[in-house]
Amino acid sequence: RKQVERRLMPIVDRAISTMVKSMALADLYFMYITAKEADMEFNYIGIPENFSWQSKKEFDTAELNRLYQVGYDMAKAGTMWEKVPPNFDQSPLAKML
């Protein structure tokens, strides 16, 4: 992990980024638990770990197209759905199921 520069805006940026990622993961966990309780199948796929955003802009059409292509290539290659959210087994919620 990269160390955050000791200035207000980089710290705020990292805090917000961390919060958004945590909330997204919590949403995945909630959907997984809800699916299990309803005896439904859960399917998840995410952006590969080796994908890195190359633009400095937050909204970059070329980068979004590149990301789309990664997803398209994954589907074409038959990349399988994940049946459990990332790191769910390490979550205290895993003990609930």
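How many residues apart are R66 and E63 in helix 2? They are 3 residues apart, about one turn of the helix. The notes below take up this pair and the other charged side chains. The model is a predicted one.

1. **Salt bridges overall.** A search of the whole structure turns up 3 salt bridges. Side chains of opposite charge can pair when their charged atoms come close. The pairs are R7 with E5, E41 with K83, and R66 with E63.

2. **R66 and E63.** Both residues belong to helix 2. Their salt bridge has its closest N and O atoms 3.0 Å apart. The pair is also listed as a polar contact of 3.0 Å between the two side chains. Which of the exposure classes does E63 fall into? E63 counts as buried because its relative accessibility is 7%, and the cut-off for buried is under 20%. R66 is partly exposed, at a relative accessible area of 26%.

3. **E41 and K83.** Here the N to O distance is 2.5 Å, between the side chains of E41 and K83. Where do the two partners sit? E41 is in the loop between helix 1 and helix 2 (61-76), and K83 is in the segment after helix 2. The partners are 42 residues apart in sequence, so this salt bridge ties together separate parts of the chain. E41 counts as exposed, with 57% relative accessibility. K83 counts as partly exposed, with 39%.

4. **R7 and E5.** The side chains of R7 and E5 form a salt bridge at 2.7 Å, N to O. E5 has a relative accessible area of 44% and is therefore partly exposed, since that class runs between 20% and 50%.

5. **Positive patch.** Which residues make up the positive surface patch? The members are K2, R14, K21 and K56. Patch residues need over 30% relative accessible area and no salt bridge. K2 is placed in the segment before helix 1 (8-37). K2 counts as exposed because its relative accessibility is 70%, and the cut-off for exposed is over 50%.

6. **Points to check by eye.** Start at helix 2, where E63 is buried at 7% and R66 is partly exposed at 26%. Then turn to E41 in its loop and K83 after helix 2. Finish with K2, one of the residues in the positive patch.

Notes
Residues numbered from 1 in each chain as written. Predicted model: local features only at pLDDT ≥ 70, side-chain atom pairs only at ≥ 80, totals over all residues. Heavy atoms only, no water. Patch = residues over 30% accessible without salt bridge, like charges linked within 9 Å, V, L, I, M, F, W, Y side chains within 5 Å. Areas by Shrake-Rupley, 256 points an atom, 1.4 Å probe, with all protein chains shown as cover. Salt bridge = Lys/Arg side-chain N within 4 Å of Asp/Glu carboxyl O. Lys, Arg positive; Asp, Glu negative; His and termini not counted. Charge placed at Lys NZ, Arg CZ, Asp CG, Glu CD. Helix = DSSP H or I, 4+ residues; strand = E, 2+ residues; numbered from the N terminus. Buried < 20%, exposed > 50% of the residue type's maximum accessible area, 1.4 Å probe, protein only. Polar contact = N/O pair within 3.5 Å; in protein donor to acceptor, adjacent residues only side chain to side chain.
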